[in-house]
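Please open the structure in your viewer and keep the selection panel at hand. We will go stop by stop.

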Amino acid sequence: MLMQLCFQNVHSFFSALLRWLSMMLSSTLHPLGLISRPKIRTKEQKEGSSAQLTTPSSVNYHFTRQCNYKCGFCFHTAKTSFVLPIEEAKRGLRLLKEAGMEKVNFSGGEPFLHERGSFLGELVRYCKQELQLPSVSIVSNGSLIKESWFQKYGDYLDILAVSCDSFNEDTNKVIGRGQGRKSHLDNLHKVRTWCQDYKVAFKINSVINTYNVDEDMTEQINALNPVRWKVFQCLLIDGENAGENSLREAEKFVISEQQFQDYLDRHQSVECLVPESNQKMRDSYLILDEYMRFLDCREGRKDPSKSILDIGVEEAIKFSGFDEKMFLVRGGKYVWSKEDMKLEW
Ligand SMILES: C[S@@+](CC[C@H](N)C(=O)[O-])C[C@H]1O[C@@H](n2cnc3c(N)ncnc32)[C@H](O)[C@@H]1O
Ligand code: SF4
């Protein structure tokens with residue numbers, strides 16, 4: 001009897017140890033804790049090499065290319081007017097969730113343009129309420145957002161990023177950030193207040209280029225108090241804002257590494273600043289276009305995969321050019337759910 005009891009205890013100890021070991025092996029350690037890992041395997045892994053597993057944990061879905069602004073440096077231009085039917089877009093988002101997506105960011109073009117924001121709102125609600133994604137975010141130029149949108153969909157949104165490259169309205173006009181006589185900065189301030197009122201984390205994106213490179217934005221950024229301020233070095237993408245068949249010629253906006261560094265140095269007191277050089281940007285984003293094709297930017301252009309709707313996520317992601325290590329190095333994984341941010345509303 002005593003022998004049998006001892007045997008059972010030893011047996012259950014080793015079973016628990018084995019379960020723990022297998023959990024550790026199928027997980028990866030990072031600053032947010034243990035993230036359960038992938039069902040997706042790269043081609044190399046299938047062929048038996050030791051390449052890293054690829055999980056689409058954070059995806060940028062540019063569901064429309066249409067926009068009401070004409071920023072001269074824009075690298076995602078209105079080459080088509082196609083937008084998927086909403087049920088297909090939802091099917092794709094579900095496939096991504098099943099493949100490990102934790103965060104989705106809706107971008108464009110201008111995401112609030114299509115169906116006056118209701119298409120976007122329905123996708124935001126679907127991702128939070130039905131897919132239960134930890135983080136749902138949007139990046140917008142801020143010009144078409146209405147308070148009624150926040151009333152209807154604000155609860156489902158974790159982060160809203162508004163692009164602002166300058167606090168000088170004339171500079172915004174030269175860049176092309178504007179429509180008619182409307183003030184880009186007035187819109188920015190309005191949206192910032194609604195984010196506070198409707199409990200959505202507020203973020204700012206700025207593209208540093210020849211027209212704003214000498215500006216000091218410290219005071220205004222501190223006053224707006226975003227959770228994150230993404231500062232991008234203006235990037236050229238062949239076929240989008242450079243080269244033949246592109247809708248923009250952004251060469252005159254490009255700045256050097258040194259100019260970018262000087263800009264960062266000038267703003268080093270801003271704690272929420274997150275810098276993104278050209279190199280960091282090119283291969284550390286998973287970008288889905290309007291057909292739900294991954295876009296590979298490694299060669300300086302956007303080479304599309306087939307659509308995840310046709311071949312599935314596992315097959316399509318092999319052509320995404322996504323560098324998961326660079327994604328982690330650039331701080332792509334952060335506290336991205338508003339519940340986990342210690343915000344004062
Ligand atoms: C393509 S826009 C789409 C969303 C929205 N229309 C906006 O402007 O925020 C997404 C982000 O890319 C940034 N962006 C556009 N062109 C860029 C470029 N050439 N280099 C770096 N960032 C760029 C925008 O400023 C914006 O923050
Ligand atoms: S960067 Fe400017 S032009 Fe391009 S999508 Fe955004 S607002 Fe439109």
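The tour below starts with the whole chain and then moves through selected elements and residues.

**Before you select anything**

This is a predicted model, in which local features need pLDDT of at least 70, side-chain atom pairs count only at pLDDT 80 or more, and totals for chains, interfaces and linings use all residues. Residues are numbered from 1 along each chain as its sequence is written, chains are lettered from A and ligands numbered from 1 in the order in which they are written, and side-chain values use heavy atoms, with hydrogens and water left out.

**Whole chain**

Colour by secondary structure. The chain has 12 helices and 12 strands. Helices (H or I, at least four residues) and strands (E, at least two) are DSSP runs, numbered from the N terminus. Of the 345 residues, 53% count as buried. Buried means under 20% relative accessible area, exposed over 50%, and partly exposed in between, with a 1.4 Å probe and protein chains only. Next, the contacts, meaning heavy atoms within 4.5 Å. Among those with a separation of 6 or more, 72% join residues 24 or more positions apart.

**Helix 3 and helix 4**

Select residues 86–98 and 118–130. Helix 3 and helix 4 pack at an angle of about 30°, and their axes are 11 Å apart. The pair therefore counts as roughly parallel. Axes are lines fitted to C-alpha atoms, for helices over the stretch in contact, with angles from 0 to 180 degrees between N-to-C directions. Angles under 35 degrees count as roughly parallel, over 145 as roughly antiparallel, 65 to 115 as roughly perpendicular and the rest as oblique. The crossing of helix 3 and helix 4 is right-handed (the near helix is turned clockwise from the far one by less than a right angle). Show side chains at the interface. Helix 3 brings Ile86, Ala89, Lys90, Leu93 and Arg94. Helix 4 meets them with Phe119, Glu122, Leu123, Arg125, Tyr126 and Cys127.

**Leu160**

Move to strand 6, where Leu160 sits. Leu160 is buried, at 0% relative accessible area. Beyond four places in sequence, its contacts include Phe112, Ile138, Phe150, Val191, Cys195 and Phe202. Now measure C-alpha to C-alpha from Leu160 to Ile204: they are 44 residues apart along the chain and separated by 8.4 Å.

**Helix 7**

Select residues 184–197. The end C-alpha atoms of helix 7 are 20 Å apart, which agrees with the 20 Å expected for 14 residues at 1.5 Å a residue (1.5 Å times one less than the number of residues). Which of its residues are buried? They are His184, Leu185, Asn187, Leu188, Val191, Arg192, Trp194 and Cys195. These pack against helix 5, strand 6, helix 6, strand 7 and helix 8.

Zoom in on the start of helix 7. A side-chain oxygen of Ser183 comes within 3.3 Å of the backbone nitrogen of Leu185. Then go to the other end. Just after helix 7, Lys199 has a positive phi of about 60°.

**Asn168**

Step to the loop between strand 6 and helix 6 for Asn168. Asn168 is partly exposed, at 35% relative accessibility. Leaving out residues up to four places away, Asn168 touches Leu185 and Glu215.

**Ser284**

Finish in the loop between helix 10 and strand 10, at Ser284. Is Ser284 buried or exposed? Ser284 is buried, at 0% relative accessible area. A polar atom of the Ser284 side chain lies 2.4 Å from the backbone oxygen of Lys280. Farther along the sequence than four places, Ser284 touches Phe322, Asp323, Met326, Phe327 and Arg330.

Technical notes:
A polar contact is a pair of N or O atoms within 3.5 Å; within protein, one must be able to donate a hydrogen and the other to accept it, and residues adjacent in sequence count only if both atoms are side-chain atoms.
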